[in-house]
Amino acid sequence: MDLLDSWALTLIVFLPLVGALVALAIPKEREETVKQWTLLVSVVTLVLAVVVAARFDFGAAGGFQFEVDLPWISAIGANYHIGIDGISLPLLVLSALVVVLCVIYSWHHWDEPRNPRAFLVLMMILATGMNGTFVALDLVLFFIFFELVLLPMYFMIGIWGDRTMRKIPGFRKEVETRLYAAIKFFIFTLFGSAFMLLGFLALYFKSGSGGQQSTFDIPELIARGHLFQGTFAWLVFGAMFLGFAVKVPMWPFHTWLPDAHTAAPTVGSVLLAAILLKLGSYAFIRIAIPILPETARDWAPAIAVLAVIGIIYGSLACLAQTDVKRLIAFSSVGHMGFVMLGIATLTEVGINAAIIGMVAHGLITGLLFFLAGSIHHRYHTREMSRLGGNLKLMPVMGGILGFTAMASLGLPGLAGFWGEFMALLGSYQPLPGLSTSFFRTAMVIGAIGTVLTAGYMLWMLQKVNLGEPSSEWAGKEFHDVDRYEMAAWAPLIVLIVAVGVYPRLVLGATTDAVVGLVETAFRAVGG
């Protein structure tokens, strides 16, 4: 193993954290220096991620690459064990890319209080947590990175979020939207994490059965899967399910998401949609299914039910929205429902659908939130009833919004199509041992969801883009897309088309790893 193989992933994870510490040492008044430094660190991190992708052996039969396994906390058997496979590689590159684009976008887009240094430091800490989650192969390490993203996002929402006052049921006085959303986000995710930690501890102690040393190592826990059976496995899967489902978020654990997205600053919404929502679904694929495959089969119908409810509920909720940002937030509930439906099938097609669906959702919904932020920056409102005629006032931005909406509704030839189509295809023939008729019913309901998705996206375009501008905007000048916005959005547009036309960009990396995972599940059920 050469030096790059040994240090590449560690640098990708911790370089942003080092960059955050250095940024704190730069005087607050030197805004340009802070922004330039943060951009440099994020670009170097992205370059390293691209180099890792270029050096990744796509012909290898599964397994982890760029692996590092060093003693860390010997007293509890926790190691600094990191590595990537075809499942984590696309998400790691996506995470590094989105952070760079967020830094570029925020160059001249700042919400009050204007404090670029503090905001960018939080963004770099988030990058460490997100990147670390995708490479961690030890449960303790995974838990630390998984939870590291909580505090930076809490402060992003609570400090830079929406300052409008709102009446909350059960409160005597109106409260600021940002404070309510930040606290709700924190409580929900912390609640889920407590159960997830209990599940991890249970696996650790049970892994020591038969005179073996207890371990938090994920590959080793997969190898000892025979130790986790019966009621124990069912309860552990349930505990981890709560932790992961809140983060996805699955219905009915989703209620924090629309409030958090609506209140968050633009970059916070982009990071939340593009990357943070993927941590929960990734954890199902990386931890819950391979360690407890037989129990995953038992839980699969319940996951599928919640997934299709989320698909339909998210679509219907979108049709009831008046705020464009809140509509996009509810759309994420539906899109992540397709991801979880793919996972629930426990098939190669379904899990591949989940991964390409996660990547596509990150690209498309991240861009939608960028657009919603820029629209709000110009109009100072997100109410769709006031935004008609946007295509005439800002034709470039209106055109990009139309393109992105088409990608979001699953238009063939764009990235959003593959995740939905393959999830439905996987539901037609689920893992042997699962009810074919049940999953085909879920497939039909999911297909109805795709029609509803088209309905609310086209309705949003009609309300925002089409028609004549309101008299409210008569005589006002609106500047169209600026160079910073275009620099941040162009890579997303290109990738949405590239993945849509050539899905092998993602599936070429994922297939071998997914085949290995599914073979484990088949062995568990005797298929």
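Two exercises on the empty spaces of this predicted model follow.

Residues are numbered from 1 along each chain as its sequence is written. In this predicted model, local features need pLDDT of at least 70, side-chain atom pairs count only at pLDDT 80 or more, and totals for chains, interfaces and linings use all residues, while side-chain values use heavy atoms, without hydrogens and water.

**Exercise 1.** Describe the largest cavity and its lining.

*Solution.* Start with the terms. On a 1 Å grid over the protein atoms alone, a cavity is a set of points where a 1.4 Å probe fits but cannot get out; lining residues have an atom within 4 Å of a point. Points are joined across faces, edges and corners, and a volume is the space filled by probe spheres set on them.

Next, count: there are 5 cavities of 30 Å³ or more. The largest encloses about 150 Å³. Its lining has 14 residues, with His335, Gly357, His361, Gly416 and Glu420 closest to the centre.

Then assign elements. Helices are DSSP runs (H or I, at least four residues), numbered from the N terminus. H14 gives the largest share of this lining, 6 residues.

**Exercise 2.** Describe the second largest pocket and sort its lining.

*Solution.* A pocket is an open set of points with protein on both sides within 12 Å along at least five of seven lines. This one has a volume of about 480 Å³. Of its 18 lining residues, Pro90, Val93, Leu495, Leu505 and Val506 are closest to the centre. Helices H2 (31–55), H3 (88–105), H14, H19 (483–501) and H20 (504–525) each supply at least two.

Now sort. Ala, Val, Leu, Ile, Met, Phe, Trp, Tyr, Cys and Pro count as nonpolar, Asp, Glu, Lys and Arg as charged, and the others, Gly among them, as polar. The result is 16 nonpolar, 1 polar and 1 charged.
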